[in-house]
Amino acid sequence: MKHFDLIVIGSGPGGYVAAIRASQLGMQVAIVERAELGGICLNWGCIPTKALLKSAQIYNYAQHALDYGIKIEGTVTPDFEAVIKRSRNVSEMMSKGVQFLLKKNNVTVIEGFGMIKKEKTVVVDDERYTANHIILATGARSRQLPHIPQDGKKVIGYREALTLPQLPKSMVVMGSGAIGSEFAYFYASMGTQVTIVEYLPQLVPLEDEEISNHLGRIFRKKGIKVITSASVENVDTSEELCKVTIKDTKEKITEIECETVLSAVGITTNIEGIGLEDYGVSVDRGKIMVDDYYQTNCEGIYAIGDIVHGPALAHVASHEALVCVEKIAGLDAHPINYNLIPGCTYTSPEIASAGMTEQACTIQGREILIGKFPFTASGKATASGNRDGMVKVIFDKNTNEWIGCHLIGDNVTEMISGAVVAMNKKITGKDILHAIHPHPTLSEAIMEATAAAYGEVIHL
């Protein structure tokens, strides 16, 4: 029986980061993975969807080449099979990169399904290993609705959406979170007639209402049918086309026929069969209970990522991994501020946000200053031909502290990191205005929005 300082179960962006950081800190580490290294994010989530969306963007540029003074002879059409193949190749490349990093950092990779046993033992396909510490990072999968089972053909989840053999003519997308909205945009761009159904009153419901409304207008302009405050009650797959029954909050029933239904109504944690009950690990509403440093109620057993309470995001899992491992190593680890987690949705235009929404501030009765800047007024956005979108910033009226940043526009996911750093450091609106911002850039829109909040607009 081989012994390690640390065993990590799961090699997603939480697991592999934990393993590599622990090795860098001098621990002897093993990582257990039953499928592809890199987990869902690299193989069936974040990375392959971005590859698909890039293809959609290139196709859109080609369709509007004349707007940029470029003439393309003949008809531009997407090769759907080639688009899917490129996406899979990107994932494979990134998975191999994780394999290289683990090897470079002397992490032992154990293939198979891992489960914990008493006395800090991990069993993988009848082989037993022991460790001083065990981190659970088993991730999540597509949530299955009991009344609308996924058959992988007509009713699909995100995995099947990444590898469809041919482009469907029509699709109903259930759910408008990041996954649902991104796939809705991708398939609509490829030529599919898309209807998106959202149970809550707005698209991307975690975002600021103004940003959500902006995305709704863009989706409708693109030809995507948007139905909010409604739910899919039933999907009849007995005929060639799916018959989708939709009911809104006023009890109105609508029926839509489509080739494919994509279920994007959330995720379910992968915690079954990994030994939690036998070990006595506490679970609440399908999530493992942990402290600020991700230790469970059982000494030496930790959990990170989608299986603990908090945003189910790859970058959150990675940071939780660092905090957890550095605490184990005795370093000065800092608990995460979950009020400042950046969120990104890679539609076109993109959405990025961090901090409080205007609605949350209103509920708390907080006095605020709000500034907005439309990309229609941005020289860089106008030159690039991508003028859709806006920047919205929120400041505490009494302290001037920057407490919210909400963006929709071209490439805004590359702008949110600076805002997160600034808000973590409690930067004020005046600090932003006193700094020089390069022109012409999209990022200077944050300065312009801040100027609007303080009544100091010059460039509009």
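Helices (H or I, at least four residues) and strands (E, at least two) are DSSP runs, numbered from the N terminus. The model described here is predicted. Its largest nonpolar core has 36 residues, and a search of the whole structure finds zero disulfides. The same kind of search finds one cavity of 30 Å³ or more. The points below go through the core, the open and closed spaces, the cysteines, some single residues and the backbone.

**The nonpolar core**

- In soluble globular proteins, nonpolar side chains tend to be buried together.
- In this model, the largest nonpolar core holds 36 residues, and those with the most contacts inside it are F183, F186, Y187, I196 and F219.
- Five helices and two strands are listed as giving two or more residues to this core: helix 3 (46–63), helix 4 (80–104), helix 5 (158–161), helix 6 (178–190) and helix 7 (209–221), together with strand 9 (170–174) and strand 10 (193–197).
- Helix 6 supplies the largest share of the core, seven residues.
- Y187 can be followed further along the chain: leaving aside neighbours within four places in sequence, Y187 is in contact with F80, A161, L164, L167, P168, M171, T192 and V194.

**The second largest pocket**

- The second largest pocket contains about 540 Å³ of space.
- It is lined by 18 residues, of which N60, S348, G385, N386 and D388 are the closest to its centre.
- Helix 3 and helix 7 are the elements that give two or more residues to this lining.
- Helix 3 gives the most, with three residues.
- By type, the lining of this pocket divides into five nonpolar, seven polar and six charged residues.

**The largest cavity**

- About 30 Å³ of space lies in the largest cavity.
- The residues that line the largest cavity are S142, Y158, I179, S263, A264, G266 and I267.
- Four residues of this lining are nonpolar and three are polar, with no charged residue.

**Cysteines**

- No disulfide is found in a search of the whole structure.
- C361 has C405 as its closest cysteine partner, but the two sulfurs are 13 Å apart, and a disulfide needs them within 2.5 Å, so they are too far apart for a bond.
- C361 counts as buried because its relative accessible area is 0%, which is under 20%.
- C46 counts as partly exposed because its relative accessibility is 28%, which lies between the limits of 20% and 50%.

**I368 and its surroundings**

- I368 lies in strand 22, which covers residues 368–374.
- Setting aside neighbours within four places in sequence, I368 is in contact with E358, C361, I394, F395, K397 and I403.
- I368 and H309 are 59 residues apart in sequence, and their C-alpha atoms are 29 Å apart in space.

**D410 and its surroundings**

- D410 sits in the loop between strand 24 (402–409) and helix 12 (416–424).
- Apart from neighbours within four places in sequence, D410 is in contact with Q57, P349, S384, N386, D388 and L442.
- From D410 to M390 there are 20 residues in sequence and 9.7 Å in space, C-alpha to C-alpha.

**Backbone features**

- Most residues other than glycine have a negative phi, and most peptide bonds are trans.
- S348 and P349 are joined by a cis peptide bond with an omega of about 10 degrees.
- P349 is placed in the loop between strand 20 (343–345) and strand 21 (350–355).
- A cis peptide bond also joins H439 and P440, where omega is about 0 degrees.
- P440 is in the loop between helix 13 (429–434) and helix 14 (444–453).
- D125 is not a glycine, yet has a positive phi of about 50 degrees.
- The loop that holds D125 runs between strand 5 (121–124) and strand 6 (127–136).
- D125 counts as exposed because its relative accessible area is 51%, which is over 50%.
- S229, also not a glycine, has a positive phi of about 55 degrees.
- S229 is found in the loop between strand 11 (225–227) and strand 12 (230–236).

Note on methods
Residues are numbered from 1 along each chain as its sequence is written. This is a predicted model: local features need pLDDT of at least 70, side-chain atom pairs count only at pLDDT 80 or more; totals for chains, interfaces and linings use all residues. Side-chain values use heavy atoms; hydrogens and water are left out. A nonpolar core is a set of buried Ala, Val, Leu, Ile, Met, Phe, Trp, Tyr and Cys residues joined through side-chain atoms within 4.5 Å. Buried means under 20% relative accessible area, exposed over 50%, partly exposed in between (1.4 Å probe, protein chains only). Contact means heavy atoms within 4.5 Å. On a 1 Å grid over the protein atoms alone, a cavity is a set of points where a 1.4 Å probe fits but cannot get out, and a pocket is an open set with protein on both sides within 12 Å along at least five of seven lines; lining residues have an atom within 4 Å of a point. Grid points are joined across faces, edges and corners, and a volume is the space filled by probe spheres set on the points. Ala, Val, Leu, Ile, Met, Phe, Trp, Tyr, Cys and Pro count as nonpolar, Asp, Glu, Lys and Arg as charged, and the others, Gly among them, as polar.
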